Amino acid sequence: SSSQRDKEQISTIQSLQLDLNKTREQLELESKENTRMVQELEQKLSRGSARANDAIEKEREDKEALRRRVKALKKELLDIDDALENTQGELQNVQKKLALRDVVQKFKSSSSQRDK
């Protein structure tokens, strides 16, 4: 009877060992799968982060290009303002010459009328 109980205990222990080994194998597989999934997620995150950083850098470059363009346009506007100012001055000079010519013409006209 004692021998029978010993055999049952041995059988129970062996059965428990088999169950524990199966559970251990399952947990190792699950752990490997989880590790693989974590690495996959880290890679995706890294790629996503790189893409986000690229997008941010592109936006920075675009903003800088726009800033340079605005600066160039402001300079062009100043140049145009200067040119307008210069042409306005030239226009006034021409108008003065024309007015003087008119006065001279009228004077010549009236003096030639008087001479007749």
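How many residues apart in helix 1 are Glu 64 and Arg 67? They sit three residues apart, about one turn of the helix, and their side chains meet in a salt bridge with an N to O distance of 3.0 Å. Please keep in mind as you read on that this is a predicted model.

**The overall picture**

The protein chain contains one helix and zero strands. Helix 1 covers residues 2-115. Along its principal axes, the C-alpha trace spans about 165 × 15 × 10 Å. The radius of gyration is 49 Å, whereas a compact globule of 116 residues would have a value near 13 Å. A pair of residues shows this on a local scale: Gly 48 and Leu 16 are 32 residues apart in sequence, and their C-alpha atoms are 47 Å apart in space.

**The surface**

What share of the 116 residues is buried? The answer is 0%. The protein chain exposes about 11,200 Å², with carbon and sulfur atoms supplying 55% of that area. Gly 48, found in helix 1, is partly exposed because its relative accessible area is 27%, and the buried class lies under 20%. Leu 84, also found in helix 1, counts as exposed because its relative accessibility is 53%, and the cut-off is over 50%. Leu 84 joins Leu 77 and Ile 80 in a nonpolar surface patch, and together the three have about 300 Å² of accessible area.

**Charges and salt bridges**

There are 25 positive and 23 negative side chains, and the centres of the two sets lie 11 Å apart. Side chains of opposite charge can pair when their charged atoms come close. The count of salt bridges here comes to seven, including these three:

| Salt bridge | N to O distance | Relative accessibility |
|---|---|---|
| Glu 33 and Arg 36 | 2.5 Å | Glu 33 33%, Arg 36 36% |
| Asp 62 and Lys 58 | 2.9 Å | Asp 62 35%, Lys 58 47% |
| Glu 64 and Arg 67 | 3.0 Å | Glu 64 32%, Arg 67 47% |

Why are Glu 33 and Arg 36 separated by about one helical turn? That separation arises because they are three residues apart in helix 1. Asp 62 and Lys 58 are four residues apart in helix 1, so about one helical turn separates them as well.

Glu 33 and Arg 36 also belong to something wider: together with Glu 40 they are linked in a network of salt bridges. Within that network, Glu 33 is partly exposed, and Arg 36 is partly exposed too.

Note on methods
Residues numbered from 1 in each chain as written. Predicted model: local features only at pLDDT ≥ 70, side-chain atom pairs only at ≥ 80, totals over all residues. Heavy atoms only, no water. Helix = DSSP H or I, 4+ residues; strand = E, 2+ residues; numbered from the N terminus. Rg over C-alpha atoms; globule rule 2.2 N^0.38 Å. Buried < 20%, exposed > 50% of the residue type's maximum accessible area, 1.4 Å probe, protein only. Areas by Shrake-Rupley, 256 points an atom, 1.4 Å probe, with all protein chains shown as cover. Lys, Arg positive; Asp, Glu negative; His and termini not counted. Charge placed at Lys NZ, Arg CZ, Asp CG, Glu CD. Patch = residues over 30% accessible without salt bridge, like charges linked within 9 Å, V, L, I, M, F, W, Y side chains within 5 Å. Salt bridge = Lys/Arg side-chain N within 4 Å of Asp/Glu carboxyl O.
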